[in-house]
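Student: Got a minute to go through a structure with me? I'd like to start with the overall fold and then look at one residue.
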Amino acid sequence: MLQTALHEVHVAAGAQMVDFNGWHMPMRYSGIKDEHLRVRQAVGLFDLGHMGRLEVRGPGREALVRSLVTNDLSDMAQGQARYALLCREDGGVLDDLVVYRLEEIVFVVCNASNRERVVDWFCGHLSGQRAWVEDRTLDFAMIAVQGPRALATLGALTATDLGDIGYYHARRGQVAGHGALISRTGYTGEDGFELYVDAPSARLVWDALMEGGSAHGVLPVGLGARDTLRLEAAMPLYGHELGLEVDPLSAGLGFAVKLDSSEFLGREALRRIRSAGPARRLVCLVLDSKRVAREGFVVLHEGQAVGRVTSGTHGPTLERNIAMAYVPSGLARVGTRLQVDIRGEAVGVQVVKRPFYKRESA
Amino acid sequence: MNPPKRSPRPENLRYRETHEWLRVEGAEAVVGITDFAVEHLSDLVHLQLPRTGARFRAGEVFGEVESVKAVSELYAPVDGEVMAVNGELPDDLDRLARDPFGEGWMVRLRMADPAQARSLLGASDYESHARE
């Protein structure tokens, strides 16, 4: 199994470790709810070394990426980041990405589960583009610092003016004396940063953040709370809300699909879906029950199966059980009453506004 | 990280391999789940217990406990009828996490055949099973 540069830290801390897409990763340290609430109220540290990190290089790098992803990258400044989808010709989602425009590279962050697929997809479309792709996943560590105290925690370890880095922007700097790309991005619904550092520096940067962050109540956070945090923020996860059989418009990701200003693979299929209107939509559901609606459970309307849960959990901030599911567009309106079959019991659910959780200052 | 806060595992209990414990009191028995089960599940969100008067055969499902990550069924260690239920427990799952062998008890059964309890695991056998 693959290990990140911080693997020893997790094992030494007594984290419960799991296999996550071939990586041996921490599921939880002190407890999912505890870690979740700490990120909402203070600050948490995440090892994201499993995420795929690719560099697209060469004079044709921007043309290559722009020809393949759904968002318009043409107006991006140096250091800017943008969320985008990688689609097949039929509009099915190959992966969701964060794309950075940096000095001499386009830096692409993809899901661990799709890393080889994304590399292959880029490489399969290189012809005539004067660009190439380097998989740098194992060379860099990736550490997320997330929560309302993230800025104070990280700010004490860097001379970079963090307040000056806008959301979805990144800047090169030093963290605890180690070179880092400091990015104001995240997957929790909180303010925070994601740091890319050379793998040999990972341990020192992590330890410095833990030590400096102790005054702010920092906790290390595992994949369990990463999932509950992103789900409260209604951020999709590939393999659950996204997949080859799903298009980004049905998933409610139209903000990252620029069908008029950008030309990319899959655009024609997505234009057809836009003009017809998606047949089904991803909705946010709040349950009436204390039982949890889990992935794959059937969504019912008047006794008929109309969809399936893609992710479901207990939302520790909301203190409610929540789920996301695809349902026919006619049943996707906020306030619609549906049921989920939880081991034979039809539990009442209500479609609510997306996201479930939004931080006050956002 | 923080060492788990838990009461010591009592010596006089019998156990199922599925991590339920049973404390024999004459013809009756108190049933709960072990510290190991509670720690392993972690982050409890829901507990469903049977009603007083319900009857179960050994190995039948008498309830379920759900955590953020998973749901687990609860299995009756012996045949019996539910005489009492810890009705406050589903609303105070911290009590189960804190004191699984005491305040975290789940049901009191009248055993149909008290001899069945002897076929359950003893403390040391359970200990080695849980460590596997």
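Tutor: Sure. Helices here are DSSP runs of H or I with at least four residues, and strands are E runs of at least two, numbered from the N terminus. Keep in mind that this is a predicted model.

Student: OK, so what does the secondary structure of chain A come to?
Tutor: Eight helices and 19 strands in chain A.

Student: And how compact is chain A?
Tutor: As compact as a globular protein of that length, because its radius of gyration is 20 Å and the globule rule gives a close 21 Å for 362 residues. Along the principal axes, the C-alpha atoms of chain A fill a box of roughly 60 × 50 × 40 Å.

Student: How much of chain A is buried?
Tutor: 59% of the 362 residues count as buried.

Student: What about contacts in chain A between residues at least 6 apart in sequence?
Tutor: Of those, 66% join residues at least 24 apart.

Student: Switching to charges: how far apart are the mean positions of the positive and negative ones in chain A?
Tutor: 5 Å, with 41 positive and 43 negative charges.

Student: Now A:Val292. Where is that found?
Tutor: In the loop of chain A between β14 (280-287) and β15 (298-301).

Student: Is A:Val292 buried or exposed?
Tutor: Buried, because the relative accessible area of A:Val292 is 0%, and the cut-off for buried is under 20%.

Student: Which residues is A:Val292 in contact with, leaving aside neighbours within four places in sequence?
Tutor: Within chain A, they include A:Leu287, A:Phe297, A:His314 and A:Ile342. From chain B, there are B:Val45 and B:Glu66.

Definitions and conventions:
Residues are numbered from 1 along each chain as its sequence is written. Chains are lettered from A and ligands numbered from 1 in the order in which they are written. This is a predicted model: local features need pLDDT of at least 70, side-chain atom pairs count only at pLDDT 80 or more; totals for chains, interfaces and linings use all residues. Side-chain values use heavy atoms; hydrogens and water are left out. The radius of gyration is taken over C-alpha atoms; the globule rule is 2.2 Å times the number of residues to the power 0.38. Buried means under 20% relative accessible area, exposed over 50%, partly exposed in between (1.4 Å probe, protein chains only). Contact means heavy atoms within 4.5 Å. Lys and Arg count as positive and Asp and Glu as negative; His and the chain ends are not counted. The place of a charge is taken as NZ of Lys, CZ of Arg, CG of Asp or CD of Glu.
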